[in-house]
Amino acid sequence: MNLKPSFFDRRANTQRIIHDDFQAVENLALELLKFLPSTSTRPIVFVCIGTDRSTGDSLGPLVGSFLEEKDIPSYHVYGTLDEPIHAVNLDERLGEIMLKHHEPYIIGIDACLGRMKNIGVIQVADGPVKPGAGVNKELPAVGDIHITGIVNVSGFMEFFVLQNTRLNLVMKMAKTIANGIYQASILQSKGRLQDLQQEHKKTN
C-alpha cells in the first residue's frame with residue numbers, strides 16, 4: 001500500500017483513468033503500451049503488491065489473480081491472492097524475480113489512498129511505486145513504471161480506512177486494470193506497439 005499519492009500526482013507523466021468510464025479498459029491499455037520498451041528482449045513483469053488481509057490493500061493481489069486466470073503468455077505475473085507480495089516478503093520476491101529474469105521491465109501495481117474526489121481513479125505513471133509507506137517500513141521501490149488505484153481517502157486513521165474500504169470498489173478497479181493489461185497484450189501481439197510509441201513521441 002502506497003499512502004503518498006501526492007508525490008506521483010506532481011509528475012507530468014501521470015495519466016489518470018476513472019475505473020468505471022466506458023473507455024477505461026481501452027485507455028489503460030493504450031497508456032500502458034506507451035511505456036513498454038520497444039525491444040522484445042526484455043521480459044515484461046508485473047509485480048502486484050498487497051495483501052488479502054486488508055480489503056483496501058487487496059487491489060494488487062486481486063489484479064494478479066485475474067491476470068493469472070487470463071494466462072497471458074507474453075507477460076509474467078507475481079503477487080496473487082494465493083501468493084501475495086507484501087511488506088514481509090517483498091525483498092525476497094524481488095530477488096527471485098531478478099534471478100529468474102534477465103533485465104526485466106517491471107510494472108509495479110499497488111493500491112493507494114488519495115483525495116475524496118479521486119477515489120476510483122487508476123493512475124499510470126513513469127517510475128517506481130514506493131510500497132510500505134502505510135506500515136512505516138523502508139521497502140524497495142518497485143517498477144520501471146507503476147499502476148496505482150486510489151481505493152479510499154487519505155489523511156486520517158488510514159489503517160481503519162483500509163480495513164473498511166468497500167470490496168465492491170476494489171474488485172471493479174482490479175478487473176479494469178487486469179482487463180486493460182490483457183487488452184494491451186493483444187494490441188502488442190498484433191504489432192501495434194511501435195505505431196503507438198511513434199504517436200506518443202509526436203505528441204510529447
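## Working through a predicted fold

Let's start in the middle of things: ten of the ten residues of β4 are buried, so this strand is largely enclosed by the rest of the structure. Keep in mind that this is a predicted model. The exercises below work outward from β4.

### Exercise 1: Both sides of β4

Task: Work out which residues of β4 lie on each of its faces, and whether those faces are covered or open.

Solution:
- Step 1. Find the strand: β4 covers 105-114.
- Step 2. Sort the residues by side. One face carries Y105, I107, I109, A111 and L113. The other face carries I106, G108, D110, C112 and G114.
- Step 3. Check burial. The residues on both sides are all buried, and both faces of β4 are covered.
- Step 4. Zoom in on one of them. C112 has 0% relative accessibility, so it counts as buried.

### Exercise 2: The partners of β4

Task: Find which strands pair with β4, and in what sense, parallel or antiparallel.

Solution:
- Step 1. Recall the background: strands of a sheet pair through backbone hydrogen bonds, either parallel or antiparallel.
- Step 2. Take β2 (44-48). This strand and β4 pair over five bridges, in the parallel sense. For a landmark, look at I44, which stands opposite Y105 in β4.
- Step 3. Take β6, residues 145-153. Here eight bridges link the strand to β4, and the sense is parallel. A landmark for this pair is L113, whose bridge partner in β6 is N152.

### Exercise 3: The whole sheet

Task: Put the six strands of the sheet in order and say which ones are the edge strands.

Solution:
- Step 1. Read across the open sheet: the order is β1-β5-β6-β4-β2-β3, and the pairing is mixed.
- Step 2. Pick out the edges. These are β1 (15-18) and β3 (75-78), each of which pairs on one side only.
- Step 3. Add the twist, which averages 20 degrees from one strand to the next.
- Step 4. Look at an antiparallel pair. β1 and β5 (residues 121-126) run antiparallel and are joined by four bridges. Within this pair, I18 has V121 in β5 as its bridge partner.

### Exercise 4: The chain as a whole

Task: Count the helices and strands, then describe how they follow one another along the sequence.

Solution:
- Step 1. Count: there are seven helices and six strands.
- Step 2. Follow the sequence. The pattern reads α-β-α-β-α-β-α-β-β-β-α-α-α.
- Step 3. Ask how much is tucked away: 51% of the 204 residues count as buried.
- Step 4. Look at the contacts. Among those between residues at least 6 apart in sequence, 75% join residues at least 24 apart. One pair far apart along the chain is D57 and L162: 105 residues separate them in sequence, yet their C-alpha atoms are 6.6 Å apart.
- Step 5. Turn to the surface. The accessible surface is about 10400 Å², and carbon and sulfur atoms account for 50% of that.

### Exercise 5: Helix α2 and a residue from α6

Task: Check whether the length of α2 agrees with what its residue count should give, then see which residues T176 contacts.

Solution:
- Step 1. Helix α2 has twelve residues (24-35), so at 1.5 Å a residue it should span 16 Å.
- Step 2. The end C-alpha atoms are 17 Å apart, which agrees.
- Step 3. List the buried residues of α2: A24, L28, A29, E31, L32, L33 and F35.
- Step 4. Move to T176, which lies in helix α6 (residues 167-189). At 8% relative accessibility, T176 is buried.
- Step 5. Setting aside neighbours within four places in sequence, T176 touches H19, A24, V25, L28 and I122.

### Exercise 6: Three loop residues

Task: Place D57, D71 and E103 in their loops, and decide why D57 counts as buried and D71 as exposed.

Solution:
- Step 1. D57 sits in the loop between β2 and α3. Its relative accessibility is 10%, and buried means under 20%, so D57 counts as buried.
- Step 2. D71 is in the loop between α3 (59-70) and β3. At 60% relative accessibility, with exposed meaning over 50%, D71 counts as exposed.
- Step 3. D71 has a positive phi of about 55 degrees, although it is not a glycine.
- Step 4. E103, in the loop between α4 (90-100) and β4, is not a glycine either, and has a positive phi of about 50 degrees.

Methods:
Residues numbered from 1 in each chain as written. Predicted model: local features only at pLDDT ≥ 70, side-chain atom pairs only at ≥ 80, totals over all residues. Heavy atoms only, no water. Pairing = 2+ DSSP bridges. Helix = DSSP H or I, 4+ residues; strand = E, 2+ residues; numbered from the N terminus. Axes fitted to C-alpha atoms, helices over the stretch in contact; angles between N-to-C directions. Buried < 20%, exposed > 50% of the residue type's maximum accessible area, 1.4 Å probe, protein only. Contact = heavy atoms within 4.5 Å. Areas by Shrake-Rupley, 256 points an atom, 1.4 Å probe, with all protein chains shown as cover. Expected span 1.5 Å × (residues − 1).
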